[in-house]
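Got the viewer open? Grab the selection tool and let's take a short walk through this one, stop by stop.

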Amino acid sequence: MSGDGLKFGTSGLRGLATALAGQAARRYVLAFLEHARRKGELGDGRVFIGRDLRPSSPAIAEDCAMAVVAAGLVPVDCGALPTPALALHAMAEGGAALMVTGSHIPADRNGLKFYLPSGEISKADEEGILACLDERGVPDRPVRMADASAEAAARYLARCAGLLPEGQLAGWRIGIFEHSSVARDSLGLVLRAAGAETIGLGRSGHFVPVDTEAFGDALFAPLPGWLDQYGLDAVVSADGDGDRPLLMDGSGQFVRGDVLGLIAARYLGADSVVTPVTSNSGLERSGFFAHVIRTRVGSPHVIAAMAAAPDAVIGFEANGGTLVGRNIRLDGRALPELATRDAMLPLLCVLGAAARRGQGIAELVAGLPLQAALADRLQNVPDARSAVFLGRLADDPAYAEALFAPHGIAELVRIDGMQFRTGAGEMVHFRASGNAPELRCYVEAATPEAARALLDWGLATAAREMGLPPPGPRA
């Protein structure tokens, strides 16, 4: 972490919007462009800039443009659009890209995602950017950018529309929880093009921090009522920058992101699946894929492992953001690679898979060999406090055994955080978020009721051990 409080997390640079705005954003952009120059990856000299809908994003996008001009390059405005849409357009045009977004974290925070012409940056690139970071300032100056927003949006919509044959969703009635997601309009356009009837719901004029893994959040409370009120087959949504999906089936149950990723990988005919250790262990049990490769949490780790995976490759994270690797074909057509998280792709693949089988989504999911899985988090937990708790679990076996005495410890995995397999075959995984001051807890159990009880125990135990108030009731 630098002195400005900004740091690279699981995907991009994050911090308080007030810390990022102005010279800090300009300095990081200059450092990124210098790193790209040293690597010989500046492309044709254009740098494509996109943003989400949080209030601080337009001004930070202007800071990015000033830095691009200061570096002697050409900024191109792609407007407010999903992160995967920006990445797709920039890569197709042979340019670098900058996405101004804090993704799902609160509106007082923001961030930058960096793309070379070859794609999303790696952890090694993050180190290279930090090595190029210095105190050079960029003076205020008016910057006029070419407008590529229409072309970037059209390119992304064409890719998404190709995932579903025309009319495949005829007869489906789908609600779109629009809130402040930059993907809200794109979702409606693609679903209607596939024949679905859509109902826009919960559109917001202010930024809403939707965490698609925290199903217990109060902001999701209206969704089951919308199913009944509008006679919906499903409700779909995405986070702030459109790279994490959300889906509620017709029975009112959320479908976890890793389940969306699994179904999407099968729909797309993947041989190899790359996913973090937090994704459901049913991936290995399913037998659907020749190779299942586990990584740390974060798209750079998934992307790095995808590069070495054999045959037809799909990556996804436990949040459902899905990445397309080599050799993927759909209905005889090649689907070009896009190794950055995408929310639209898994939503469309799951809907398409259910429609092909003539099933509802709940029936499709029920046929998978999965344990019940849940995840939630303790918010406003300083990184140092999470580190002490996780460090004690790692370094003091007697402490861990005493803590898990009600369940027993059969196996321990340390790929990212601390993941415990219990004597009954259940799982509890604690890890600190890389994007916000939060401690996350993931669980698996034989039944939804057992998973809920295990998650409640995990959150309460972690809160107690870190000296925090007990968590409130969970949905």
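How many residues does the hairpin joining strand 23 to strand 24 run through? The answer is 5. Keep in mind as you click around that this is a predicted model.

**Stop 1: strand 23 and its neighbours**

Select residues 427-432, which make up strand 23. With a cut-off of under 20% relative accessible area for buried, 5 of the 6 residues here qualify, so the strand is largely enclosed by the rest of the structure.

Now add residues 438-445 to bring in strand 24. Strands 23 and 24 run antiparallel, with 6 bridges joining them. Over on the other hairpin, select residues 418-421 for strand 22. That strand is also antiparallel to strand 23, and 4 bridges hold the pairing.

A good residue to centre on is phenylalanine 430. In strand 24 its bridge partner is cysteine 441, while methionine 418 has phenylalanine 430 as its bridge partner in strand 23. Show those three as sticks and you can trace the pairing from strand 22 through strand 23 to strand 24.

Before leaving, look at the turn between strand 22 and strand 23. There are 5 residues between the strands, and glycine 425 takes a positive phi near 85°.

**Stop 2: the largest cavity**

Next, pick Glu213, Arg244, Val297, Asn319 and Arg431 together: of the 17 residues lining the largest cavity, these lie nearest its centre. The space inside comes to about 130 Å³. What classes of residue make up the lining? There are 4 nonpolar, 7 polar and 6 charged residues. If you run a cavity search of your own, the whole structure has 4 cavities of 30 Å³ or more to compare with.

**Stop 3: an open sheet with a helix on it**

Move on to the 4 strands that form an open sheet in the order 10-9-11-12, with mixed pairing. Colour strand 10 (197-203) and strand 12 (245-249) to mark the edges, since each pairs on one side only. From one strand to the next, the twist averages 20°.

Inside the sheet, select residues 173-179 for strand 9 and 234-238 for strand 11. These two run parallel and share 3 bridges. To find one of the paired positions, label isoleucine 174, whose bridge partner in strand 11 is alanine 234.

Last selection: residues 344-357, helix 12. Helix 12 packs on the sheet and touches strand 9, strand 11 and strand 12. Its direction makes about 25° with that of strand 12.

Key
Residues are numbered from 1 along each chain as its sequence is written. This is a predicted model: local features need pLDDT of at least 70, side-chain atom pairs count only at pLDDT 80 or more; totals for chains, interfaces and linings use all residues. Side-chain values use heavy atoms; hydrogens and water are left out. Buried means under 20% relative accessible area, exposed over 50%, partly exposed in between (1.4 Å probe, protein chains only). Two strands pair if DSSP finds at least two bridges between them. On a 1 Å grid over the protein atoms alone, a cavity is a set of points where a 1.4 Å probe fits but cannot get out, and a pocket is an open set with protein on both sides within 12 Å along at least five of seven lines; lining residues have an atom within 4 Å of a point. Grid points are joined across faces, edges and corners, and a volume is the space filled by probe spheres set on the points. Ala, Val, Leu, Ile, Met, Phe, Trp, Tyr, Cys and Pro count as nonpolar, Asp, Glu, Lys and Arg as charged, and the others, Gly among them, as polar. Axes are lines fitted to C-alpha atoms, for helices over the stretch in contact, and angles run from 0 to 180 degrees between N-to-C directions. Contact means heavy atoms within 4.5 Å.
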